[in-house]
Amino acid sequence: MKKKKFVYLCTNALLLQRKMKDYKPSVYLTFSIHLDGNQLRHDTSVCQEGVFDKAVEAIRMAVDKGFRVNVNCTLFQGEEAKEVAEFFDYATSLGVEGITVSPGFSYDHAPQQEVFLQRSASKRLFRRIFEFGKSKKWPLNHSTLYLDFLAGNQTYHCTPWGNPTRNLFGWQRPCYLLVDEGYASTFKSLIEETDWGKYGTGNNPKCANCMAHCGYEPTAVNDALAHPLKAFQKFIQGPGTDGPMAPELPVAYAEEKSSATAAGLPVDTGSAQANHNG
Ligand code: SF4
């Protein structure tokens, strides 16, 4: 923060009330608090009762003290659009500055593989959510083109280097979601020596159902910079909620069951590809 870098401090907020005295409100600091929906949904998602209430108390306290606060929401299988819309209404009423949303998806190390949404089911869900949102002012902290992608109206390749992950082991290849692909010791090595073509939907079965913002928001931003008029029109109109969906990317690897289907998730035959929200 001293370097004037923007820090999004991601937290489940369980200790935040106790630790908040260690921080000062700053334009460079945002608490990004994990809430996966209403009370029942969130507590079920994290397998612990009372977590939702604690997080909400921390949000109220942080907003009251003048901190920037974002709610980070991952949607899982079985979500109802109306319920999600009501949750967004509630999060907005808490005075948070932003809501980030992403569909959960099944990958090898997901703790609850059976609850992750499939790709086409996600798109239909997002269309219904955005229908409810037409008359609302949810502070969704995304580009309109990413939201349009979630609603199935854009065919995007993933840009995993758009949100690089660094942790104790080094720079994680290719993104924070895939944890078995190794680490680079330097950022230069991450960028120059990672075989990026191995990753992304259509390129890797582990990525088959991913629509996560860490990989696809950078693609949407690049698209907006390359096509500002298209981005402006979408900004005015909002994400599309009807009409045919944009085609899926072709699958470039030998057909094999991804972890999603292997885990017993239903395959949606309504999409061009048997596919898939943090
Ligand atoms: S598609 Fe998803 S899991 Fe695969 S590299 Fe991109 S962000 Fe990571």
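**Reading the ligand shell, strands and a helix**

Q: How many nonpolar, polar and charged residues does the shell around the ligand have?

A: In this predicted model, the shell around the ligand comprises 11 nonpolar residues, 3 polar residues and no charged ones.

Q: Which residues are the closest to the ligand?

A: The ligand is surrounded by 14 residues, of which Cys158, Cys175, Cys207, Cys210 and Gly215 are the closest.

Q: What does the protein chain have in the way of helices and strands, and what share of its residues is buried?

A: The protein chain contains 10 helices and 7 strands. Of its 278 residues, 41% are buried.

Q: How should the pairing of strands be read, and in which order do the strands of the open sheet stand?

A: In general, the strands of a sheet pair through backbone hydrogen bonds, in either a parallel or an antiparallel sense. Here, 3 strands form an open sheet with the order β5-β6-β7, and their pairing is antiparallel. The edge strands, β5 (165-167) and β7 (183-184), each pair on one side only. Between β6 (residues 170-172) and β7 there are 2 bridges in the antiparallel sense. Gln172 is placed opposite Tyr183 of β7.

Q: In which sense do β3 and β4 pair, parallel or antiparallel?

A: Strand β3 (residues 68-75) pairs with β4 in the parallel sense, over 6 bridges. One bridge joins Asn70 to its partner Gly98 in β4. From β3 the chain passes through helix α4 (residues 81-93) to reach β4, and this β-α-β crossover is right-handed. Strand β4 (residues 98-103) is mostly covered, with 5 of its 6 residues buried.

Q: How far apart are the end C-alpha atoms of α4, and what span should its residues give?

A: The expected span follows from a rise of 1.5 Å a residue: the 13 residues of α4 should span 18 Å, and the end C-alpha atoms are 18 Å apart, which agrees.

Q: Which residues of α4 are buried, and where do they lie around the axis?

A: As a general idea, an α-helix has 3.6 residues a turn, so residues three or four places apart point the same way. In α4, the buried residues are Val84, Phe87, Phe88 and Ala91. Because these residues cover an arc of only 100° around the axis, they are on the same side of α4.

Q: What is found on the other side of α4?

A: Lys82 and Ser93 are exposed on the other side of α4.

Note on methods. Residues are numbered from 1 along each chain as its sequence is written. This is a predicted model: local features need pLDDT of at least 70, side-chain atom pairs count only at pLDDT 80 or more; totals for chains, interfaces and linings use all residues. A residue is near a molecule or strand if its C-beta atom, placed from the backbone, lies within 6 Å of it. Ala, Val, Leu, Ile, Met, Phe, Trp, Tyr, Cys and Pro count as nonpolar, Asp, Glu, Lys and Arg as charged, and the others, Gly among them, as polar. Two strands pair if DSSP finds at least two bridges between them. Helices (H or I, at least four residues) and strands (E, at least two) are DSSP runs, numbered from the N terminus. A residue is buried if 20 or more other C-beta atoms lie within 10 Å of its own, exposed if 12 or fewer, and partly exposed in between; C-beta atoms are placed from the backbone. A crossover is right-handed if, with the strands pointing away from the viewer, the path from the first strand over the helix to the second runs clockwise. The expected span of a helix is 1.5 Å times one less than its number of residues. The arc is that of the directions from the helix axis to the C-beta atoms.
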